[in-house]
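Please look at the sequence and the three-dimensional structure below before reading on. The explanation that comes after them is meant to be followed with both in view.

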Amino acid sequence: MTSVEEKTIFEKIINGEIPADIVFENDIAVVIRDINPQAPVHVLIIPKRRIDRIEAAQDGDTELLGKLLIMARDFAKSHNLTEFRLVINNGQQAGETVPHLHIHLLSGRSMAWPPG
Ligand code: 5GP
């Protein structure tokens, strides 16, 4: 896993150093389309301030974390999505590949449970 000191791909996207399909941005987060979509709709809600992963979140991050979920709600609403899944991967075995907290929003197909 990338060390904390290294800039993540998401920090480079947030800083405008590499391109991304940014579908929404505000002062706290960006919403981008995933480069390797796993569903017809697959976006990532990424806080601009890096938290490595949910286990690294502090009690003081409560408001930020709540706002990220509200952004997911707003994305779904503005795209008329009523069936969708939100995912946060914490750790390699859980599927985490970028050590910068993000929420996946997937929609547009039926999904299995439990996830693989
Ligand atoms: P994780 O596996 O950490 O939960 O999610 C990382 C996600 O970031 C993956 O779904 C992967 O496809 C996506 N991703 C990795 N690199 C890039 C990139 O350069 N641009 C975009 N838009 N998505 C990326």
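The paragraphs below treat the ligand and its surroundings, then a pair of strands, and finally two details of the backbone.

The structure is a predicted model. A useful place to begin is the ligand, which sits in the largest pocket. Among the secondary-structure elements, helix H1, residues 9-14, and strand E2, residues 29-33, each give two or more residues to the shell around the ligand. Helix H1 gives the most, with three residues.

The shell can next be considered residue by residue. In total, 16 residues surround the ligand, and the closest are Asp34, Gly95, Thr97, His102 and His104. Sorted by class, the shell has seven nonpolar, six polar and three charged residues.

Some contacts can be described at the level of single atoms. The side chain of asparagine 89 places a polar atom 2.8 Å from an oxygen atom of the ligand. The backbone also takes part: a polar backbone atom of valine 98 is 3.0 Å from an oxygen atom of the ligand. At isoleucine 35, a backbone N or O atom lies 3.3 Å from a nitrogen atom of the ligand. Because a polar contact is a pair of N or O atoms within 3.5 Å, the pair at isoleucine 35, at 3.3 Å, counts as one. How much of the ligand does the protein bury? Taken alone, the ligand exposes 520 Å², and the protein buries 84% of that area.

Strand E2, already met in the shell around the ligand, also has a partner strand. Three bridges join strand E2 to strand E1, residues 22-25, and the two run antiparallel. One pairing may be located by eye: phenylalanine 24 has valine 31 in E2 as its bridge partner. Strands E1 and E2 form a hairpin, with three residues between them.

Two backbone details remain, and a general rule helps in reading them. Most residues other than glycine have a negative phi, and most peptide bonds are trans. Where does asparagine 80 lie? Asparagine 80 is placed in the loop between helix H2, residues 62-78, and strand E4, residues 84-87. Although asparagine 80 is not a glycine, its phi is positive, at about 55°.

The second detail concerns a peptide bond. Tryptophan 113 and proline 114 are joined by a cis peptide bond, with omega of about 5°. Proline 114 is found in the segment after strand E5, which covers residues 103-107.

Terms used: Residues are numbered from 1 along each chain as its sequence is written. This is a predicted model: local features need pLDDT of at least 70, side-chain atom pairs count only at pLDDT 80 or more; totals for chains, interfaces and linings use all residues. Side-chain values use heavy atoms; hydrogens and water are left out. A residue is near a molecule or strand if one of its heavy atoms lies within 4 Å of it. A polar contact is a pair of N or O atoms within 3.5 Å; within protein, one must be able to donate a hydrogen and the other to accept it, and residues adjacent in sequence count only if both atoms are side-chain atoms. Accessible areas come from the Shrake-Rupley method with a 1.4 Å probe; for residues, only the protein chains shown count as cover. On a 1 Å grid over the protein atoms alone, a cavity is a set of points where a 1.4 Å probe fits but cannot get out, and a pocket is an open set with protein on both sides within 12 Å along at least five of seven lines; lining residues have an atom within 4 Å of a point. A molecule sits in a cavity or pocket if more than half of its atoms lie within 2 Å of its grid points. Helices (H or I, at least four residues) and strands (E, at least two) are DSSP runs, numbered from the N terminus. Ala, Val, Leu, Ile, Met, Phe, Trp, Tyr, Cys and Pro count as nonpolar, Asp, Glu, Lys and Arg as charged, and the others, Gly among them, as polar. Two strands pair if DSSP finds at least two bridges between them.
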